[in-house]
Every structure is written in structure tokens, then in C-alpha cells.
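Reader: I have a model open and want to learn how to read its interior. Where do we start?

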Amino acid sequence: MHLKRKRDASRDGVILETTLDVLAETGYERMTTDMVAARAGASKATIYRRWPSKADLVVDAVESLRAEPATVAADTGTLAGDLDSLLDASGNPSAARKSKVMMGLLSLMSHDADLSGAVRRRIVGPRTEAIRTAVEREQARGGIRPDRDAGLLASVVAAMLAYRSIVTGEPVDRQFLTTLVDGVLTDR
């Protein structure tokens, strides 16, 4: 009688973290299971036993991102300042990696419902919620009318950030955020 070996899940965390690192560096198209296996110190067979495809591996890796409470922007006294503090990933390697992972997966999101859902739950949703909090704070300051939909305005900000980063390749810097806030969001 052949006994089936139990799967050792102790390596899963290392493999998923490594997948996120490789994905952030190379994007989905250039990432290979061989790259992940080599860097994680695992065999391809180990990875394929757990995740039958690269897509399955990436979905689980994105889902493994910690469900952190939405980051709250520092209250700088202005919406542009609050957004700038929220989006500054220079002191937060985890936030920088999440942004790179999302950028590496954007082209696939419309083709893969599981991947799209994972990215929305773990990356896009928390970031948009943090932007919404900053918008609501500006409403409380009187810079945005209270009858304007904070959720819609947060989505506009998120869309503009993505457009600027992906389509035009221009930086999302303080000057851009000030122009966005003054020209689109606030009632001043």
C-alpha cells in the first residue's frame, strides 16, 4: 500500500512572499515559476503541487498580503498634503511593493476575475478607503462641500493617480496633487 505524504505548508509563506517580490520586480508577464522557485529555495515540483498554474500562485500571493487597517493620511491641514503623506512610500517598503505588484498586474485584471478580486481586496480597496478618509477630512475642514460624494471623489483621485503613473508616466508629486486638489476636488 502506497502512503501519500502530507503536504508541508511551512514553506508556503516564503514562496508567497518571494512571489510578491519577483512580481514587483518583473511584472506578471516576465515572472516565471522558475524564478520564484530559485529565489525561494524550493523546487518547481513543490510549487506546482501547491499551485497548478502561475495565475493560481499569484492570486494566493496577493491574497496573502496582510489585511492591514487602511492607512490614515497624516492630518497636514490640506488635502494635497494629506494625499502626499499617504502616497509617499519612500519610508514604507510594504506600501511600495504593493504599488509595484498592482502595476504589474493591471493589464491582467480585466481577464482574470480571481486576480482582479484579490487586487481589489488587498491593494486598491484599502488605498481608496484611505483616500476617502482624507477627502472626508477636507470636507470637515470646509474645503469640499459636504453634499459631494466622498467615495466618488476618492475614486477620481485613485483613477488620476493610476492614469498619471501608467499612461503618462509622469510623477505623482506634491505639485500634481496640489493641482488635482485645487482644480478638481475643492470648492475654493
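Author: Start with the nonpolar core. This is a predicted model. Its largest nonpolar core has 29 residues. Ile15, Val58, Val62, Val101, Leu105 and Val119 have the most contacts inside it.

Reader: Which helices each supply at least two residues of this core?

Author: Helix 1 (12-26), helix 2 (33-40), helix 4 (54-63), helix 6 (93-109) and helix 7 (113-141) do. Helix 1 gives the largest share, 6 residues.

Reader: What is Val58 in contact with, leaving aside neighbours within four places in sequence?

Author: Thr19, Leu23, Tyr28, Met31, Leu105 and Leu115. Apart from this core lies another, of 20 residues. Leu79, Leu83, Leu86 and Ile131 are among them.

Reader: Now a charged residue. Is Arg97 buried or exposed?

Author: The cut-off for buried is under 20% relative accessible area. Arg97 has 17%, so Arg97 counts as buried. Arg97 sits in helix 6. Beyond four places in sequence, Arg97 touches Glu17, Leu20, Asp21, Ala24 and Leu65. Take Leu20: it is 77 residues from Arg97 along the chain, yet their C-alpha atoms are 7.8 Å apart.

Reader: And Asp82: buried or exposed?

Author: Buried, because its relative accessible area is 0%. Asp82 belongs to helix 5 (residues 79-87).

Reader: Which side chain does the side chain of Asp82 join in a polar contact of 3.0 Å?

Author: That of Arg137. Arg137 is also one of the residues Asp82 touches beyond four places in sequence. The others are Ala73, Ala74, Asp75, Thr76, Gly77, Ala134 and Arg141.

Terms used. Residues numbered from 1 in each chain as written. Predicted model: local features only at pLDDT ≥ 70, side-chain atom pairs only at ≥ 80, totals over all residues. Heavy atoms only, no water. Helix = DSSP H or I, 4+ residues; strand = E, 2+ residues; numbered from the N terminus. Buried < 20%, exposed > 50% of the residue type's maximum accessible area, 1.4 Å probe, protein only. Polar contact = N/O pair within 3.5 Å; in protein donor to acceptor, adjacent residues only side chain to side chain. Contact = heavy atoms within 4.5 Å. Core = buried A, V, L, I, M, F, W, Y, C linked by side-chain atoms within 4.5 Å.
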